[in-house]
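Thank you all for making time this morning. I would like to walk you through one model, a few places at a time, and I will try to say plainly what each place shows.

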Amino acid sequence: MLSYQDRSLYADSVPLADIARKVGTPAYVYSAATIRANYRAYADALDGVPHQICFAVKANSNLAVLRLLAREGSGFDIVSGGELHRVLAAGGDPARTVYSGVGKTADEIDMAIANGIQSFNCESEAELGLIEAIAARHSKRVAFSLRVNPDVDAATHPYISTGLREHKFGIDIGEARDVYRRAAALPHLEAAGVSCHIGSQILDPTPLMEALDKVLDLARHLAADGLPIRHIDLGGGLGVAYRPEDPAPAISAYGQRLRERFAGAGFELILEPGRSIVAPAGVLLTRVLYRKRSYGKEFMVVDAAMNDLIRPSLYQSHHEIIPLRRSDRGTVVADVVGPVCESGDFLARGREMDNAAPGDLLAVCTAGAYGFVLASNYNARPRPAEVLVEDDRWRIVRERETYAGLMRGEEP
Ligand SMILES: *Cc1c(COP(=O)(O)O)cnc(C)c1O
């Protein structure tokens, strides 16, 4: 997606400085070609086994991104009524939408059933009971999977690891068979699958395969019990290389391992990748406001902050930061910090980077997932604009929030 031509940084065939000049900063920029290529990498890798790719909307819920993926044939994985609303507004197919999440409300379940979603990924027996009651009101039979917790260590950041027994997610895999048996007595529910999701930013697929084997084993037992299990939902996708040297696994190699497990298994595979489809397709553009040195430490104060991109503050995550215009001025070791009044407000710490001057533009890389969606209005900062690049064209797909927009619905 990113390349230098002469000394200017391009997203596909668009100089990013053009976008920054016209749209202002901070701004998120996404490459449609990269999103498509990543989606197709999954589709190609799973060619030959029955499968469905359900993009995890929580990673990037911009309508233009969802529409682009819907047109590619993607289904969707949602975790809220708001995300269902977005999928519908973007032209996504509810019949290929699965609904995950540990705390679905009655209103959200009602809306999902009314719109005919494909399946619920259920996380508790109490939730099953509520879905049964609401499905009965609609006189519909509703498909569900139980999200089982396979007690597998995803070896990722603790906040995004979800498959260990102490986590709030899913149902103890050892108890799942009994829960399925009891659910079989509920007339408006159909046990269509088994699901799990052990975490995000997983760089070694081995724990995913370990979880899959446990889930496949359960699914075979359930099928033998006479339940109509059709699909296995293995949850999110692979991690991505935030650092150039990160050992990010190839989607094709992962697909190969999945194909081996699913060949002749008699189940459809559902995957819910988010990060690996959109993270590499996005950058956050920011402008250097000030340079300062305090107690011998270099600070680069930029106009993007933790409210725009919280990943470094929340997950200690690394994002490469590169200049929009390459220079010969060498490098500096600096903390890249924003204007928000928190010491936790940083995009990078102790980073060796371009020795940029006030006014210069920078790109914070690999920011297309869990970027804008986690943006807030902290410090009454309007959320950034979002831009989609299509080859040599680009358009604003979400206007920069205005000061009036900041106060909408509020009464003094
Ligand atoms: C977050 C999440 C995903 C997406 O995970 P990625 O690592 O972004 O691919 C998929 N499914 C569920 C249930 C999730 O919570």
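At what angle do helix H3 and helix H4 pack, and how far apart are their axes? Before I answer, please keep in mind that this is a predicted model. Helix H3, residues 63-72, and helix H4, residues 81-89, pack at an angle of about 60°, and their axes are 9 Å apart. Angles from 35 up to 65 degrees fall in the oblique class, and H3 and H4 are therefore oblique to each other. Their crossing is right-handed, and the residues that meet there are Leu63, Leu66 and Arg67 on the side of H3, with Arg86, Val87 and Ala89 on the side of H4.

Let me stay with H3 for a moment, and look at its two ends. At its start, a side-chain oxygen of Asn62 comes to within 2.7 Å of the backbone nitrogen of Ala64, while after the helix comes Gly73, with a positive phi near 105°. Within H3, the buried residues are Ala64, Val65, Leu66, Leu68, Leu69 and Ala70, and Leu66 is also among the residues that meet H4.

The second helix pair is H5 and H6. These two pack at an angle of about 50° with their axes 10 Å apart, which makes H5 oblique to H6. The contact is formed by Ala106, Ile109, Asp110 and Ile113 of H5, together with Leu130, Ile131, Ile134, Ala135 and Arg137 of H6, and this crossing, too, is right-handed.

How does the span of H6 agree with what its 13 residues should give? At 1.5 Å a residue, helix H6, residues 125-137, should span 18 Å, and its end C-alpha atoms are 19 Å apart, which agrees. In H6, Glu127, Leu128, Ile131, Glu132, Ile134 and Ala135 are buried, and what covers them includes helix H5, strand S8, strand S9, helix H7 and strand S11. Just after H6, Ser139 takes a positive phi of about 50°.

Now two single residues. Asn38 is placed in helix H2, residues 32-45, and because its relative accessibility is 15%, under the 20% limit, Asn38 counts as buried. A polar atom of the Asn38 side chain lies 3.0 Å from the backbone oxygen of Ile277, and, leaving aside residues up to four places away in sequence, Asn38 touches Ile251, Ser276, Ile277 and Pro280.

Pro323, in strand S16, is buried as well, with a relative accessible area of 9%. Its C-alpha atom is separated by 6.6 Å from that of Asp354, although the two are 31 residues apart along the chain. With the same exclusion of residues up to four places away, Pro323 touches Tyr4, Leu9, Asp354, Leu361 and Leu362.

I will finish with some backbone details. Most residues other than glycine have a negative phi, and most peptide bonds are trans. Against that background, the peptide bond from Thr25 to Pro26 is cis, with omega near -5°, and Pro26 is found in the loop between helix H1 and strand S4. Asp12, in the loop between strand S2 and strand S3, has a positive phi of about 50° although it is not a glycine. Tyr295 also has a positive phi of about 50°, and sits in the loop between strand S14 and strand S15. Is Tyr295 buried or exposed? At 87% relative accessibility, Tyr295 counts as exposed.

Conventions: Residues numbered from 1 in each chain as written. Predicted model: local features only at pLDDT ≥ 70, side-chain atom pairs only at ≥ 80, totals over all residues. Heavy atoms only, no water. Helix = DSSP H or I, 4+ residues; strand = E, 2+ residues; numbered from the N terminus. Expected span 1.5 Å × (residues − 1). Buried < 20%, exposed > 50% of the residue type's maximum accessible area, 1.4 Å probe, protein only. Contact = heavy atoms within 4.5 Å. Polar contact = N/O pair within 3.5 Å; in protein donor to acceptor, adjacent residues only side chain to side chain. Axes fitted to C-alpha atoms, helices over the stretch in contact; angles between N-to-C directions. Parallel < 35°, antiparallel > 145°, perpendicular 65-115°, else oblique. Left-handed = near helix turned anticlockwise from the far one by under 90°.
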